[in-house]
Amino acid sequence: MNIPLPPGTGDEGMLMVMERVVLPILKDWKPDYVINAAGQDNHFSDPITNMSFSAQGYAKLTELLRPDLVVLEGGYSIESALPYINVGLLLALAGLDYSKVQEPSGGPDRESQSKSMTEQVARVCAEVIDLWNHRSEVDLEEIFGTTSFFQRKRQIYYDTDNIHESQHEYIRLCSDCPGWRLIYTHSTKTRDLAAAVLLPWQPCQACRVEAREQHEKLITGDELSQVIWQEPFSNLRQSR
Ligand SMILES: [Zn+2]
């Protein structure tokens, strides 16, 4: 599930998403393990992002989620926010009182979430949980069509490196596995067109053969600056 939150969302919005969407879905899904990819760039003092979470909020999130494993990820307010967030996170993981954990001082003040933003987050929560509750009634053919490939184009902006990427992606619609994918990509910096052929986890035999044939075809052409083959479970990542 991808739950988009508006810029400036604070603890109130984040915890609302946890309580209204994430926890009910986990209760339904009953995962064997819960891993929290504990990125911390949503903290209000983060220099790159534009969210308004607090160290206390991250601790509360951890207490609610009760993950089996926490993996530290992004977060660029390295010397100010991260020590506070991590203390809160570790205390919450250990089931200890984190109420004394403070917020870093000397940085920007934390702005509280506006009423209209709270309403916006509540609408997103309602929409996502409704999709989840009605997922078995969805007509996949209506969404993905009846052709062999689902296509999508997207523009991705990498704010850390100022790169705009254009992707055209083809996903093989397969009833036996998640389907292999072909992605054509170029960045506005180089304009060179590259391609990647990607196998899913546990591909069916037909998809594996078809993807391999597509890769062979692409590497023999000369329009592409680079062709990448990517296969989970394999250390082989061949490129040209
Ligand atoms: Zn397949």
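**Warm-up**

Buried means under 20% relative accessible area, exposed means over 50%, and partly exposed is what lies in between (1.4 Å probe, protein chains only). Helices (H or I, at least four residues) and strands (E, at least two) are DSSP runs, numbered from the N terminus. You're working with a predicted model, in which local features need pLDDT of at least 70 and side-chain atom pairs count only at pLDDT 80 or more, while totals for chains, interfaces and linings use all residues. Numbering starts from 1 along each chain as its sequence is written, and side-chain values use heavy atoms, with hydrogens and water left out.

**Exercise 1. Find which way the residues of S6 point, and say whether they are buried or exposed.**

Step 1. Locate strand S6 at residues 194–198.

Step 2. Sort the side chains: Ala194, Ala196 and Leu198 point one way, and Ala195 and Val197 point the other way. That fits the general rule that side chains in a regular strand alternate between the two faces of the sheet.

Step 3. Check the burial. Five of the five residues of S6 are buried, and the strand is mostly covered.

**Exercise 2. Work out the strand order of the open sheet and how its strands pair.**

Step 1. Set the pairing rule: two strands pair if DSSP finds at least two bridges between them.

Step 2. Write down the order. It goes S3-S4-S5-S6-S7, five strands with mixed pairing. S3 (149–158) and S7 (226–230) each have a single partner strand, so one side of each has no neighbour in the sheet. On average, neighbouring strands here are turned by 20° against each other, direction ignored.

Step 3. Go through the pairs:

- S3 and S4 run antiparallel, joined by 10 bridges. Phenylalanine 150 has isoleucine 171 in S4 as its bridge partner.
- S4 and S5 are antiparallel too, over seven bridges, and histidine 168 partners tyrosine 184 in S5.
- S5 and S6 pair in the antiparallel sense over five bridges, with threonine 185 matched to alanine 194 in S6.
- S6 and S7 are parallel, over five bridges. Alanine 194 stands opposite glutamine 226, and valine 197 stands opposite tryptophan 229 in S7.

Step 4. Look at the turns. The S3–S4 hairpin has four residues between its strands, and asparagine 162 in the turn has a positive phi of about 55°. The S5–S6 hairpin has six residues between its strands, and arginine 191 in that turn has a positive phi of about 65°.

**Exercise 3. Identify which residues coordinate the zinc ion, and at what distance.**

Step 1. Collect the donors, that is, N, O and S atoms within 2.8 Å of the metal (3.2 Å for Na, K and Ca); water is not among the atoms, so sites may look incomplete.

Step 2. Read them off: the SG atoms of Cys174, Cys177, Cys204 and Cys207 coordinate the zinc ion at 2.3 Å. Their sequence spacing is C-x2-C-x26-C-x2-C.

Step 3. Ask what this does to the chain. Cysteine 177 lies in the loop between S4 and S5, and cysteine 204 in the loop between S6 and H6, so this pair ties together parts 27 residues apart in sequence.

Step 4. Judge the geometry. Four donors count as tetrahedral if all angles lie between 85 and 135 degrees. The angles here are 100 to 117°, and the site is tetrahedral. As a yardstick, the ideal angle for four tetrahedral donors is 109.5 degrees.

**Exercise 4. Describe where cysteine 207 lies and which residues it is in contact with.**

Step 1. Place the residue: cysteine 207 lies in helix H6.

Step 2. Check how covered it is. Cysteine 207 has a relative accessible area of 3%, so it counts as buried. Cysteine 177 and cysteine 204 are buried as well.

Step 3. List the contacts, meaning heavy atoms within 4.5 Å. Leaving aside neighbours within four places in sequence, cysteine 207 touches Arg172, Cys174, Cys177, Gly179, Trp180 and Leu199.

Step 4. Add one C-alpha distance: cysteine 207 and cysteine 177 are 8.0 Å apart, though 30 residues separate them along the chain.

**Exercise 5. Classify glutamine 226 by its relative accessibility.**

Step 1. Find glutamine 226 in strand S7.

Step 2. Apply the warm-up cut-offs. Its relative accessibility is 33%, so glutamine 226 counts as partly exposed.

Step 3. Contrast this with S4, where seven of the 10 residues are buried, so that strand is largely enclosed by the rest of the structure.

Technical notes. Axes are lines fitted to C-alpha atoms, for helices over the stretch in contact, and angles run from 0 to 180 degrees between N-to-C directions. Four donors count as tetrahedral if all angles lie between 85 and 135 degrees; four count as square planar and six as octahedral if opposite donors are over 155 degrees apart and all others between 65 and 115; anything else is irregular.
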